[in-house]
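Hi everyone, thanks for making time this morning. I'd like to walk you through one model, so have a look at the screen and then we'll go through it together.

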Amino acid sequence: GRIIHELQNNWRAALPLWLLSLALLGMLAYGVVVGSFSGGAQLWIAPVKIAIGTMLSILICLPSLYIFTCLSGIDAQLRTVTGVLFAAVSLGSLLLIGFAPVAWIFSQSTDSVAFMAVLHIGLWAIGIMFGLRLLEAMGHLLGGPARNHLKSWSVIFIVVCLQMMTTLRPIVGTSDRFLPSEKKFFLAHWVETLRDESARK
């Protein structure tokens with residue numbers, strides 16, 4: 001609540017920039033844990049891809065978040081909405097750092113790409129869902145009568161993040177290419193990954 005109040009009433013550029021930096025540093029730190037599954041070049045490739053994917057997802061979804069905020073009847077400026085989104089992502093990244101030891105122990109004790117992908121997605125989902133609750137708090141504190149708009153936007157943001165990480169694949173595992181040469185929907189990619197792993201067994 002204090003963060004939202006500061007962003008709305010005592011806006012200073014340093015606060016949203018600090019929140020964005022915290023989000024990206026958290027994603028980079030967790031990315032090292034993701035990269036430790038494969039080791040080698042993935043120790044820097046995974047963090048870079050996760051940070052880039054997070055930043056691109058924010059930029060892609062920010063305009064629609066502001067529109068949904070206006071449709072909800074929330075009296076918030078674009079800079080306030082931007083800061084709250086940065087705060088939501090930074091909270092999610094902090095929770096990921098807390099989950100990092102759990103992810104690391106599995107990355108060192110299993111060779112299943114599919115399992116590690118599901119684990120990372122599950123931990124990320126928990127973190128981002130807690131973070132996106134800040135959007136609901138913004139609706140409560142700034143008096144929006146139709147907060148369901150923000151819940152709908154949260155679903156859009158999650159889907160965009162999942163597709164972005166598929167676009168930047170592989171993040172878990174290795175490849176000869178930094179980026180894939182073919183386009184895939186994230187659900188289709190997951191099904192193929194699970195099918196390939198079952199075939200190897």
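Helix α4, residues 78-107, gives the nonpolar surface patch its largest share, four residues. Keep in mind as we go that this is a predicted model. The patch itself is made of Val 102, Trp 104, Ile 105, Phe 106 and Phe 115, and together they have about 440 Å² of accessible area. Take Ile 105, which sits in α4. Its relative accessibility is 46%, so Ile 105 counts as partly exposed.

Now let's stay on this helix and turn to other residues. Ser 90 is also found in α4. Is Ser 90 buried or exposed? Its relative accessibility is 4%, so Ser 90 is buried. And what does Ser 90 touch, leaving aside neighbours within four places in sequence? The contacts are Leu 19, Leu 22 and Ala 23.

Gly 92 has its place in α4 too. With a relative accessibility of 3%, Gly 92 counts as buried. Here is a pair I enjoyed finding: Gly 92 and Gly 127 are 35 residues apart in sequence, yet their C-alpha atoms are 4.1 Å apart in space. Once neighbours within four places are set aside, Gly 92 is in contact with Gly 127, Ile 128 and Gly 131.

Let's move on to helix α2, residues 14-35. Does its length fit, or not fit, what we'd expect? The helix has 22 residues, and at 1.5 Å a residue they should span 32 Å; the end C-alpha atoms are 31 Å apart, so the two agree. Many of you will want to know what is buried here: the list for α2 includes Leu 15, Pro 16, Leu 19, Leu 20 and Ala 23, and further along Tyr 30, Val 33 and Val 34. The buried residues of α2 pack against α1 (2-9), α3 (42-71), α4 and α5 (113-141).

Finally, the core. The largest nonpolar core has 45 residues, and Trp 153 and Phe 157 are the ones touching the most other members. Each of α1, α2, α3, α4, α5 and α6 (148-167) supplies at least two residues of this core. Which helix supplies the largest share? That is α4, with nine residues.

Let's zoom in on Trp 153. Leaving aside neighbours within four places in sequence, Trp 153 is in contact with Cys 61, Ser 64, Leu 65, Phe 68, Leu 85, Leu 132 and Leu 135.

That's my tour, and I'm happy to rotate the model to any spot you'd like to see again.

Methods
Residues are numbered from 1 along each chain as its sequence is written. This is a predicted model: local features need pLDDT of at least 70, side-chain atom pairs count only at pLDDT 80 or more; totals for chains, interfaces and linings use all residues. Side-chain values use heavy atoms; hydrogens and water are left out. Patches are made of residues with over 30% relative accessible area and no salt bridge: like charges are joined within 9 Å, nonpolar side chains (Val, Leu, Ile, Met, Phe, Trp, Tyr) within 5 Å. Accessible areas come from the Shrake-Rupley method with a 1.4 Å probe; for residues, only the protein chains shown count as cover. A salt bridge is a side-chain nitrogen of Lys or Arg within 4 Å of a carboxyl oxygen of Asp or Glu. Buried means under 20% relative accessible area, exposed over 50%, partly exposed in between (1.4 Å probe, protein chains only). Contact means heavy atoms within 4.5 Å. The expected span of a helix is 1.5 Å times one less than its number of residues. A nonpolar core is a set of buried Ala, Val, Leu, Ile, Met, Phe, Trp, Tyr and Cys residues joined through side-chain atoms within 4.5 Å.
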